[in-house]
Each structure stands twice: as structure tokens, then as C-alpha cells.
Amino acid sequence: MTEPDEVLLNELQAMWQRRDPMPVDLPDRIVAAIAAEDLEFELLSLSAITETAVRGDEAQVLECATDELTLLVRISDEPDGSRRVDGWSEGVRQVELLTPVGRRVADVGDGGRFEFDDVPRGPVRLRLRGERKAFQTPEIEV
């Protein structure tokens, strides 16, 4: 960005701040909206079953079981350094993978299987939607 561009952008920002300033309570409303969204989901508690090595690959297996849901998640390495998340669940029709940079959606196939490949390393959450209820895992590191 050149200096004239930066000057022009600063003038535009100042003009919009005078003509249409951000509502004072906007940050609080955003935080409340995000918190309310999280309340729509029952928070699941995952526990590690085991780490397995298959052909030199390390994989982490997590599970969760409640009265309404059974979930098994396997996290493994991809050859390019990314991660792969495979899952199996009963009573779920759609799964979302929430990452710091966005979300991806997978339909649950026959037998309750779903998968996400090319997952960047870092924190993720799984949001599972059943017929009557939605669930969300705590943040897990992949």
C-alpha cells in the first residue's frame, strides 16, 4: 500500500466514523449472540481411548457416550502434514467442523460415518446435529 492510499483510507475511515459510527454496545451484543449460540448445544465430554500406531502413523481415538448419543472420533496424520478426522456416531445426521478460520460440514453416511480430510493442525470443535437436538464437543487439538 502506498502512502497516498493509506492517507485516503484513513480519511475514509474518519468520514464513516463521523457519519455512521459503530454502536457503542455492538461488541457486547456480538459476545451475547455468540454465547447464546453456544447455549443451543449440549456440551459433550470426550475422553481418550488410546493412541494407535498403524504402519507408523500415530492416531488418537476419542469417545463420548451419553443417553442420547454415541460418538467415536479418530484423528490421524495426512502425508502432507495436515490432519484427518474420521468419526462414527449414532443418532446424528450432520456434523460441522469448527476451526479458527471457518467451518466445514459433513453429512453422516450409512452406519453413522463422517470424515474431514486436510484439517489444519490446531484447535477444533465438532458440532453434531441430530433429529431433535444438537451437541458440541469442547475444543480439541488436532
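## A first walk through the model

Let's start with a pair of strands: β4 (residues 70–77) and β5 (residues 83–90) run antiparallel and are joined by 8 bridges. Everything here comes from a predicted model, so keep that in mind as you look around. Within this pair, Val-73 sits opposite Gly-87 of β5. The two strands form a hairpin with 5 residues between them, and in that hairpin Gly-81 takes a positive phi near 95 degrees.

**The whole chain**

Now zoom out. How many helices and strands does the protein have? The count is 2 helices and 11 strands. Going along the sequence, the pattern reads α-α-β-β-β-β-β-β-β-β-β-β-β. The protein is more spread out than a compact globule, because its radius of gyration is 21 Å, well over the 14 Å that the globule rule gives for 142 residues. Taken along the principal axes, the C-alpha atoms fill a box of roughly 60 × 40 × 25 Å.

What share of the residues is buried? Of the 142 residues, 30% count as buried. The protein exposes about 9,600 Å², and carbon and sulfur atoms supply 51% of that. As for contacts between residues at least 6 apart in sequence, 43% of them join residues at least 24 apart. There are 17 positive and 31 negative charges, and the mean positions of the two groups are 3 Å apart.

**The helices**

Helix α1 covers residues 3–19, and Arg-18 is found in this helix. Is Arg-18 buried or exposed? Its relative accessible area is 61%, so Arg-18 counts as exposed. Pro-4 is 14 residues away from Arg-18 in sequence, and their C-alpha atoms are 21 Å apart in space.

Helix α2 spans residues 26–39 and holds Pro-27. With a relative accessible area of 40%, Pro-27 is partly exposed. If you want to stretch your view across the model, try Pro-27 and Asp-110: they are 83 residues apart in sequence and 42 Å apart, C-alpha to C-alpha.

**Around Arg-83**

Back to β5, where Arg-83 is found. Arg-83 has a relative accessible area of 10%, so this residue is buried. Which residues does Arg-83 touch, leaving aside its neighbours within four places in sequence? Its contacts are Ile-75, Ser-76, Asp-77, Glu-78, Phe-116, Asp-117, Asp-118, Val-119, Arg-121 and Val-142.

One of those contacts, Asp-118, deserves its own look. Asp-118 is placed in strand β8 (residues 113–119). Most residues other than glycine have a negative phi. Asp-118 is not a glycine, yet its phi is positive, at about 55 degrees. At 47% relative accessibility, Asp-118 is partly exposed.

**Strand β9 and its partners**

Follow the chain past β8 and you come to Gly-122, in the loop between β8 and β9 (123–129). Gly-122 counts as buried, since its relative accessibility is 9% and the cut-off for buried is under 20%. Beyond its neighbours within four places in sequence, Gly-122 is in contact with Ile-140, Glu-141 and Val-142. Val-142 is also among the contacts of Arg-83. How far is Gly-122 from Thr-99? They are 23 residues apart in sequence but 7.9 Å apart in space, C-alpha to C-alpha.

Then comes β9 itself. The table lists its antiparallel pairings, each with one pair of residues standing opposite each other.

| Partner of β9 | Bridges | Residues opposite each other |
|---|---|---|
| β6 (residues 94–99) | 5 bridges | Gln-94 and Arg-129 |
| β10 (residues 134–136) | 3 bridges | Arg-127 and Gln-136 |
| β11 (residues 140–141) | 2 bridges | Pro-123 and Glu-141 |

The link from β9 to β10 is a hairpin through 4 residues. Glu-141 ties two parts of this picture together: this residue stands opposite Pro-123 and is also in contact with Gly-122. In a regular strand the side chains alternate between the two faces of the sheet, which is handy to remember when you trace any of these strands on screen.

Conventions. Residues numbered from 1 in each chain as written. Predicted model: local features only at pLDDT ≥ 70, side-chain atom pairs only at ≥ 80, totals over all residues. Heavy atoms only, no water. Rg over C-alpha atoms; globule rule 2.2 N^0.38 Å. Buried < 20%, exposed > 50% of the residue type's maximum accessible area, 1.4 Å probe, protein only. Contact = heavy atoms within 4.5 Å. Areas by Shrake-Rupley, 256 points an atom, 1.4 Å probe, with all protein chains shown as cover. Lys, Arg positive; Asp, Glu negative; His and termini not counted. Charge placed at Lys NZ, Arg CZ, Asp CG, Glu CD. Pairing = 2+ DSSP bridges.
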